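These are my notebook entries on a structure I went through by element and by residue. The entries follow the order in which I looked things up.

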Amino acid sequence: MGLTLEQRRELRRRKDRRDRIVGILAPTFTFVLLLAAWEALVVWLEIPTWQIPRPSSVFAVMFGSFGEFLPHIIRSYSTIIIAFACASVVGVALAAILTNFKALGVALTPYINMLCTTPVITLVPLLLLMFGFGQWVLILAVTLQAFPILNMNASTGFNNVETLKLELMGSLRATRVQTFRHCILPASLPNVFTGMKLSGIFATTACVSSEFSGGNRGLGARIIAYTQFMKMDKAFACIFFVAVIGLFLYTLTSYLETRVVKWKI
Amino acid sequence: MNWCDHKLSRLPFEPPGSGMDRSGPILTLDKVSKYYEAQNGGELLAVKEVSLGVRDREFICILGPTASGKSTLLKMMGGIEKPTLGTMSLRGEIFEDGIPANKLRNFGFVFQQDNLLPWRTVVKNLRLPLEVFHSAGHGSADRIAEMLTLVGLQDYGDVYPHELSGGMRQRVSLARAMVHDPDILLMDQPLGALDAITRRMLSHELLRISRATRKVMVMVTNNIDEALLLGDRILVLTALPGEIAFEAANDIPAEARNEAIIENARYKALRALLDDIVHAQSEAGRTAGRTGGDGE
């Protein structure tokens, strides 16, 4: 190829820009199309609002009654974000410890995996009984549900660094900490980010389902309450707010990944 | 035809030690052996009682059939693996259990694949040894620039490895192995992953670099042409367990080692001889493998 490096980079930048524009426009178009279809079907089949509300009325309620939702949005979002942050730290740190101390890893890994497969909603009544209705109990429950999947992914990454790369660090007599910092962690970042994306999803669903089962605060609790009173537009508004935070965490992690893992082709 | 007759035969070559350099060895291996745990629970002997003295400014090439313990031998020399038996010494200091960690600064290691860290730019890859050795202070930028110039990549400092060709990547990894100014450069089939044309080009490049830096170099290769172009001394290992089958000094004069070396009569003769020896060792290895590998 007769292109200079600068030319190749410019071509790549242009392609990236095109990809980014398509990446935003295409899903937006799908979104609008789906909502339009939903709206049209509800109107056309004359489905009553207490069964399925029209998206336009859901959006109207989302903005019109925003003050009513706000305390619950704050409650759920703060639970999810704090728990997601805790899970990120615990998941990666624990994976680092468990992959470095094999015996500990063998002793604990099955139970961490068990935590991952147990729905946290089954634990929440127990935790509420033990610790009361404080928000930190929910944060604990959601963290417990969200960190194992990250731990699994990070451990997979940490355990599968190419032998040749480890030999390179060995040839430089790097210490364990140096090897982890300069080689194992950066090599595993794609796995860590995959784990974080999943952990964000787990945190969101775990938070809402925990709120279903206890207390009267948070978006989960409101969805139950509004459904019982047939206020489907408001119930759907809450579901949309949940979708927003889930999407936000996913997008945030993806963005961080493209910033940090620049070297991946 | 018993090719074991070649073992330590020195007839067609100038005997080792009579070359230009008579100073004592820098690195010595004394009956070094390496056992690995085999899959069936037994032990696999990879390297058998290799004794070798590496002298200052010497370029040693190690040839041998595939799976002859060449890489293991080199890794023991570079402190990546510990020998099971035998002693090693570095500048007169004797070590019973392999080269200790605090001496690894004396070595630079080049791997078969370039083994660059893909998340670091070229300059940052060269910084890695300096960071690990805690010597990435002022002056390191100059040192890195000097090394990149030596391998002809001074304009590629801020580039990521995936933006470079295979040959360029291997040149970066050569620069990285020399950035902390080691005495001894160990190369494990450094040109093995390259296409034939790049490979030949880079072998001449390597000759230039070895002449410019005058470092001790030990290179494992499976290519006889490279060995004759670069090596002051050539060793041939047997198939597993690897021991030295043949060892001799390369008496092709330095001024004849250039693009025209293939026309050199001495080169042709030595090439044919080494070709026979290496083939015989591969053949012997296959036969031993078929009859159950009594060497294990």
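**Chain B, overall.** I counted the secondary structure of chain B first and found 7 helices and 10 strands. The model is a predicted one. Of the 296 residues in chain B, I find 54% buried. I then took the contacts in chain B between residues at least 6 apart in sequence; 71% of these join residues at least 24 apart.

**Chain B, a backbone entry.** I looked up B:R57 and noted a phi near 60°, a positive value in a residue other than glycine. B:R57 sits in the loop that runs between strand 2 (43-55) and strand 3 (59-63) of chain B. Its relative accessibility is 47%, so I list B:R57 as partly exposed, the class between 20% and 50%.

**Chain A against chain B.** I next examined the interface, where 22 residues of chain A contact 27 residues of chain B. The two chains bury about 2400 Å² between them, and 65% of this lies on carbon and sulfur atoms. Which three residues supply more than any other three of the area that chain A buries against chain B? I find A:L172, A:R173 and A:W263, with 26% of that area.

**Helix 1 of chain A.** I checked the length of helix 1 (residues 5-44) of chain A. Its 40 residues, at 1.5 Å a residue, should span 58 Å, and the end C-alpha atoms are 58 Å apart, so the two values agree. I list A:L5, A:L35, A:E39 and A:V42 as buried in this helix. The cover over the buried residues of helix 1 includes helix 2 (55-64) of chain A. After helix 1 comes A:E46, for which I read a positive phi, near 50°.

**Two helix pairs in chain A.** For two packed helices, I record the angle between their axes and the distance between the axes.

Helix 3 (residues 66-100) and helix 8 (residues 176-213) of chain A pack at about 145°, with their axes 8 Å apart. Their crossing is right-handed. On the side of helix 3 of chain A, the contact residues include A:F84, A:A87 and A:S88; those of helix 8 of chain A include A:M196, A:S199 and A:G200. By class, I note 10 nonpolar, 7 polar and 3 charged residues in this contact.

Helix 5 (residues 124-131) and helix 6 of chain A pack at an angle of about 145°, with axes 10 Å apart. I record a right-handed crossing for helix 5 and helix 6 of chain A. Helix 5 of chain A contributes A:V124, A:L127, A:L128 and A:F131, while helix 6 of chain A contributes A:W136, A:V137, A:L138, A:L140 and A:A141. I class 9 residues of this contact as nonpolar, with no polar and no charged ones.

**A:S155.** I place A:S155 in helix 6 (residues 135-159) of chain A. Is A:S155 buried or exposed? Its relative accessibility is 14%, so A:S155 counts as buried, the limit being under 20%. Leaving out residues up to four places away in sequence, I find that A:S155 touches A:A95 and A:T99. I also looked up A:P110, 45 residues from A:S155 along the chain; the two C-alpha atoms are separated by 13 Å.

**A:M230.** My last entry concerns A:M230, which is not a glycine yet has a positive phi of about 60°. I locate A:M230 in the loop between helix 9 (219-228) and helix 10 (232-260) of chain A.

Definitions and conventions. Residues numbered from 1 in each chain as written. Chains lettered and ligands numbered in written order. Predicted model: local features only at pLDDT ≥ 70, side-chain atom pairs only at ≥ 80, totals over all residues. Heavy atoms only, no water. Helix = DSSP H or I, 4+ residues; strand = E, 2+ residues; numbered from the N terminus. Expected span 1.5 Å × (residues − 1). Buried < 20%, exposed > 50% of the residue type's maximum accessible area, 1.4 Å probe, protein only. Contact = heavy atoms within 4.5 Å. Axes fitted to C-alpha atoms, helices over the stretch in contact; angles between N-to-C directions. Left-handed = near helix turned anticlockwise from the far one by under 90°. Nonpolar A, V, L, I, M, F, W, Y, C, P; charged D, E, K, R; others polar. Buried area = accessible area lost by both parts, 1.4 Å probe.
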